[in-house]
Structures are given as C-alpha cells and as structure tokens.
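Reader: I would like a close look at one part of this structure, with its helices described residue by residue and then set in the context of the whole chain. Please take the time to connect the pieces.

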Amino acid sequence: MQPSNLLPISNPNSPPSMLIPTSSVSADTMLVRSEPHIIHSSSSSTILLVEDDDDSKIETKPLLTRAFSYSSSSSSSSSNLVMQQRRRRIASANSLLSGAVEGCRREMGRAASDTYVVTRLSFRLLRYLGVGYRWIARFLALGCYAMLLIPGFIQSLKHLGYNITPINKSCLSDAVGYYYFYSSQVLRGIVYGDQPRNRLDLYLPKNMNGPKPVVAFVTGGAWIIGYKAWGSLLGQQLSERDIIVACIDYRNFPQGTISDMVKDASQGISFVCNNIAEYGGDPNRIYLMGQSAGGHIATCALLEQAIKETGAEPRASWSASQIKTYFGLSGGYNILQLVDHFHSRGLYRSIFLSIMEGEQGLRQYSPELMAQDPNTKNAVSLLPPIVLFHGTADYSIPCDSSKSFADTLKALGVKAECILYEGKTHTDLFLQDPMRGGIDDMLDDLITLIHGDSSETIRANSTPRKRLVPEFMLKMARSVSPF
C-alpha cells in the first residue's frame with residue numbers, strides 16, 4: 001500500500017512542464033534523488049519518491065524544519081559569539097603573557113649584564129686589595145651582619161601588607177625581591193645619564209593628592225660597595241610619611257674614581273630637580289641627603305655646583321639654590337684627616353688614594369677644605385642650610401667630622417647645624433634603629449625639618465612602626481658590624 005504522503009519528484013533537469021506543483025508539499029520536503037527510491041525523513045513522517053535518470057548515488061541528509069533551522073542558526077550565532085569572546089580572552093592572555101615574558105627577559109638580561117660587571121670589577125678590586133686579614137675579616141663580618149638583620153626585612157614585608165605564611169617562608173628572598181622589583185610604589189632603574197650605573201629608584205607615597213616634598217638620597221658603601229637599593233628602608237619610611245625619595249646610584253671603585261662618583265651624583269640630582277614634577281614631586285621642596293660615603297659625595301657635588309655658578313661657566317642643568325636643605329648622615333667631610341683612620345679599619349691607604357685620585361685628591365675632595373679655600377668664598381654663600389646627623393659612638397667615621405664641618409660652615413656665614421645622637425653607631429641611625437621600632441629620633445627630626453608645622457599631623461596619620469628584629473639580634477649585629 002502506497003503512503004498517502006507520496007510525492008513524485010522529477011529530475012531537476014527535465015522541462016518545467018514536467019514539474020508537478022502540489023499544495024500538499026510541506027516545508028520540510030526537499031529534492032534528494034531523481035530515481036525511484038523511497039526515503040524516510042528522520043524529522044517527520046514524510047516519504048519522498050525520488051526519480052533519477054542515472055544510477056549515481058547522492059548523499060542524503062536529514063530533513064530539518066524551518067523552525068529547527070532558525071533555532072539552530074540562532075544557536076550557531078550565539079556559539080560563534082562565545083567562541084569569538086573566548087578567542088579574544090585567549091589572545092589578551094597571550095599578549096599579557098608575552099609582555100611579562102619579554103619584561104622578564106629584559107630583567108634577566110640586565111641582571112646578567114650587572115652580574116658580569118660586578119664580577120669583573122670584583123676581580124679588579126681583589127688585585128688592589130691583595131690578601132690582607134683586615135679586609136677578609138670585614139668581609140666575613142659583613143656576611144654575619146646581613147644574616148642577623150634578615151628578619152627585619154621579612155617583618156618589613158609583613159608591615160607592607162605581604163602575607164608571610166609557613167608555606168612561603170622558604171622563599172622569603174624571592175618575596176623581598178618581588179616587592180623591590182614589582183611594587184607599584186617603587187619605580188626602579190630610572191635612567192638619568194649615559195653611564196652603566198646612572199640609575200635611580202623612586203619611592204612614592206600611596207596618597208599622591210598634590211605635589212610632595214622630595215629627598216634626593218645618595219647611598220653609602222665605602223666608595224666601593226654603594227648601591228641604590230641600600231636606601232630602600234629609608235625610602236619606605238619616608239614614603240609612608242608623604243615624602244618622595246629618589247635613591248641615586250653611581251659608579252663605585254674600581255669602575256670609577258671620586259670624580260666619576262661626584263659627576264654621577266650631580267647628574268642624578270639634576271634629573272630630580274628637572275623631572276620630579278612629572279612624578280608628583282614639588283620642585284620647590286627638593287632636599288638633598290647623603291649617608292656615609294654618599295654624604296661625602298653629595299656634599300662634594302653640592303659645593304662643585306656652587307663653584308660652577310660663581311665662575312665663568314654657563315649655568316648648569318641644576319642650581320644649588322634649588323636645594324631647600326642638605327642633610328648629611330654619618331658623613332666624612334675632611335678626607336685628609338680620615339685617611340689614616342680608614343687605613344686602620346681595613347680601607348688601606350693605597351686603595352683609598354686610588355679612589356681619591358692621589359694625594360692631591362685628598363684635599364681637592366675634602367668639603368671642609370674646599371669651603372675654607374678663599375677662592376670659593378662666593379660659592380659658599382650660595383649653599384643651602386645644612387644639617388648634619390651623627391652618632392657619638394660612630395667608630396667608622398668619628399662624629400668630630402660632622403662637628404668640625406658644621407663649625408667651619410657657620411664661621412663662613414652658612415646656616416649649619418650638627419645634631420648628635422648619644423651612643424649611636426655608624427649603622428644605628430640608618431638600620432638598627434628603624435628595625436627596632438617605636439620612637440626613631442633621627443627619623444622624627446628629619447620629618448620635622450621637611451614637613452615643618454604639619455609634621456605632627458603626618459606622624460598622627462602614619463602607621464606606627466613595629467619592632468622588626470629581636471633586641472638580642474640587633475645587639476649582635478651592632479657588635480659584628482664592619483662599618
């Protein structure tokens with residue numbers, strides 16, 4: 001028995017008159033073959049009787065209703081949209097990953113370059129030092145000193161908001177490195193000159209609601225091991241108190257001698273004076289600060305700049321008058337008188353003379369003697385107010401160095417002051433006291449001198465610093481410190 005829904009379908013190539021239209025053909029009827037075959041549709045009960053002139057086989061497909069076709073099309077469009085969004089996300093993730101990998105590659109390349117330079121310079125330095133028990137003892141003491149202060153850097157990481165758990169305590173050095181290299185508040189390695197060490201780090205306050213006072217800081221390191229990262233603790237402390245800090249790096253011996261160091265520091269100061277407004281700093285409130293050997297270098301740079309301004313040379317890229325106040329921390333200002341003292345502590349006279357470019361350099365790069373030179377009288381009058389901080393128990397550079405320099409400046413008409421801290425050593429003011437927590441006299445004095453009348457408000461709004469290192473470890477560090 002033939003089904004009632006039987007449709008004779010002719011070959012599409014036959015004349016139009018052969019085509020038989022029928023009103024009973026439903027929307028899901030489609031031409032598939034032209035030879036008599038009975039095909040059952042999978043989507044309905046429709047049966048097609050198909051005729052064909054040849055015996056070739058044509059692939060059949062399931063018959064779909066219009067409604068199903070429309071919904072499939074909508075579903076397909078939605079699926080395509082989802083796929084496009086997924087592709088975009090994957091492309092974006094790949095782009096970010098590519099950028100991170102490229103950034104990591106650049107950092108690794110820079111680290112490899114720095115490592116090569118440091119290694120090559122270390123061998124050169126060893127040739128200068130020879131084999132002496134004093135410098136070997138100082139080197140070992142430096143390692144012990146650093147180990148004793150490591151808990152302080154761990155705790156300062158907690159203070160900055162990093163969660164130190166038992167799982168990641170084994171990677172604490174990586175965590176500290178992560179903060180220094182990737183914190184949004186630290187702009188690291190800003191180029192200020194064309195020499196390899198012409199870089200500086202900027203420490204920015206969290207709240208940048210208006211121009212901030214700026215401290216251009218030149219770190220210490222016995223003219224040999226100075227590095228901009230040594231100022232990270234000071235940078236964190238001052239940035240928490242609404243002050244921008246620029247830690248200036250410079251060439252060390254034997255990569256450079258004292259004239260190179262002073263030139264680098266001067267270029268770094270110039271960069272700060274001329275560009276700090278772009279980073280939210282107030283160009284009318286720039287302070288210069290140096291610690292230990294950095295104090296000596298920064299003072300030389302300041303005096304040399306003042307001398308240039310009174311000479312026939314054209315005006316340089318910065319002026320001594322742009323510095324609101326100079327702060328010297330545990331610095332040496334009469335190198336001629338200190339050379340024998342340094343020799344007794346392991347910085348041998350022959351090496352020190354090489355750093356200072358010979359005997360004549362001891363006088364030429366002694367700020368106190370430079371200020372006393374009658375030919376620099378006009379230059380000295382251009383100097384900003386000078387405040388010198390020093391501990392009375394400093395055995396690396398005796399506090400008499402700061403007292404004598406302050407007295408000399410005052411006698412020459414410069415506004416100068418020496419603030420002494422009873423019983424404090426060379427590193428107490430810079431490292432141990434900040435890690436001890438609580439009241440930090442030198443830091444409080446510095447905040448008062450910078451912020452003036454608003455210093456009390458700044459202190460009230462600042463998070464009190466907690467103890468970072470147990471007292472017994474601080475005392476041990478103090479006793480083994482090579483500085």
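Author: In this predicted model, helices α13 and α16 are roughly antiparallel to each other, because an angle over 145 degrees counts as such and their axes cross at roughly 170 degrees. Those axes come within 10 Å, with α13 spanning residues 428-436 and α16 spanning residues 471-480. On the α13 side the meeting involves Asp 428, Gln 432, Met 435 and Arg 436, and on the α16 side it involves Glu 471, Leu 474 and Arg 478.

Helix α13 deserves a closer look in its own right. Eight of its nine residues are buried, so α13 is largely enclosed by the rest of the structure. The buried residues are Asp 428, Leu 429, Phe 430, Leu 431, Gln 432, Asp 433, Pro 434 and Met 435, and of these Asp 428, Gln 432 and Met 435 also take part in the meeting with α16. After the helix comes Gly 437, with a positive phi near 80 degrees.

The chain then continues through the loop between α13 and α14, where Asp 440 has its place. With a relative accessibility of 6%, Asp 440 counts as buried. If neighbours within four places in sequence are left aside, Asp 440 is in contact with Gln 237, Asp 433 and Pro 434, and Asp 433 and Pro 434 are themselves among the buried residues of α13.

Beyond this loop lies α14, residues 441-451, whose buried residues are Met 442, Leu 443, Leu 446, Ile 447, Ile 450 and His 451. They cover an arc of only 145 degrees around the axis, which puts them on the same side of α14. This pattern can be set beside the general geometry of such elements: an α-helix has 3.6 residues a turn, so residues three or four places apart point the same way. Just after α14, Gly 452 takes a positive phi of about 60 degrees.

One of these buried residues leads on to the interior of the chain. Of the nonpolar cores, the largest has 65 residues, and the members that touch the most others are Trp 223, Phe 352, Ile 355, Met 356 and Leu 383. Apart from it lies another core, of 32 residues, which includes Leu 443 of the α14 stretch together with Ile 243, Phe 389 and Ile 419, among others.

Returning to the largest core, Ile 355 is in contact with Trp 223, Ile 224, Phe 253, Thr 257, Ile 258, Met 261 and Leu 347, once its neighbours within four places in sequence are left aside. Ile 258 and Met 261 lie in α5, residues 258-275, which packs against α6, residues 293-310, at an angle of about 75 degrees and with the axes 9 Å apart. That makes α5 roughly perpendicular to α6. The contact is made by Ile 258, Met 261, Val 262, Ala 265, Ser 266 and Ile 269 of α5, which face His 296, Ile 297, Cys 300, Ala 301, Glu 304 and Gln 305 of α6.

For the setting as a whole, the chain has 16 helices and eleven strands, and 45% of its 483 residues count as buried. Among contacts between residues at least 6 apart in sequence, 71% join residues at least 24 apart.

Key: Residues numbered from 1 in each chain as written. Predicted model: local features only at pLDDT ≥ 70, side-chain atom pairs only at ≥ 80, totals over all residues. Heavy atoms only, no water. Helix = DSSP H or I, 4+ residues; strand = E, 2+ residues; numbered from the N terminus. Buried < 20%, exposed > 50% of the residue type's maximum accessible area, 1.4 Å probe, protein only. Contact = heavy atoms within 4.5 Å. Arc of directions from axis to C-beta. Core = buried A, V, L, I, M, F, W, Y, C linked by side-chain atoms within 4.5 Å. Axes fitted to C-alpha atoms, helices over the stretch in contact; angles between N-to-C directions. Parallel < 35°, antiparallel > 145°, perpendicular 65-115°, else oblique.
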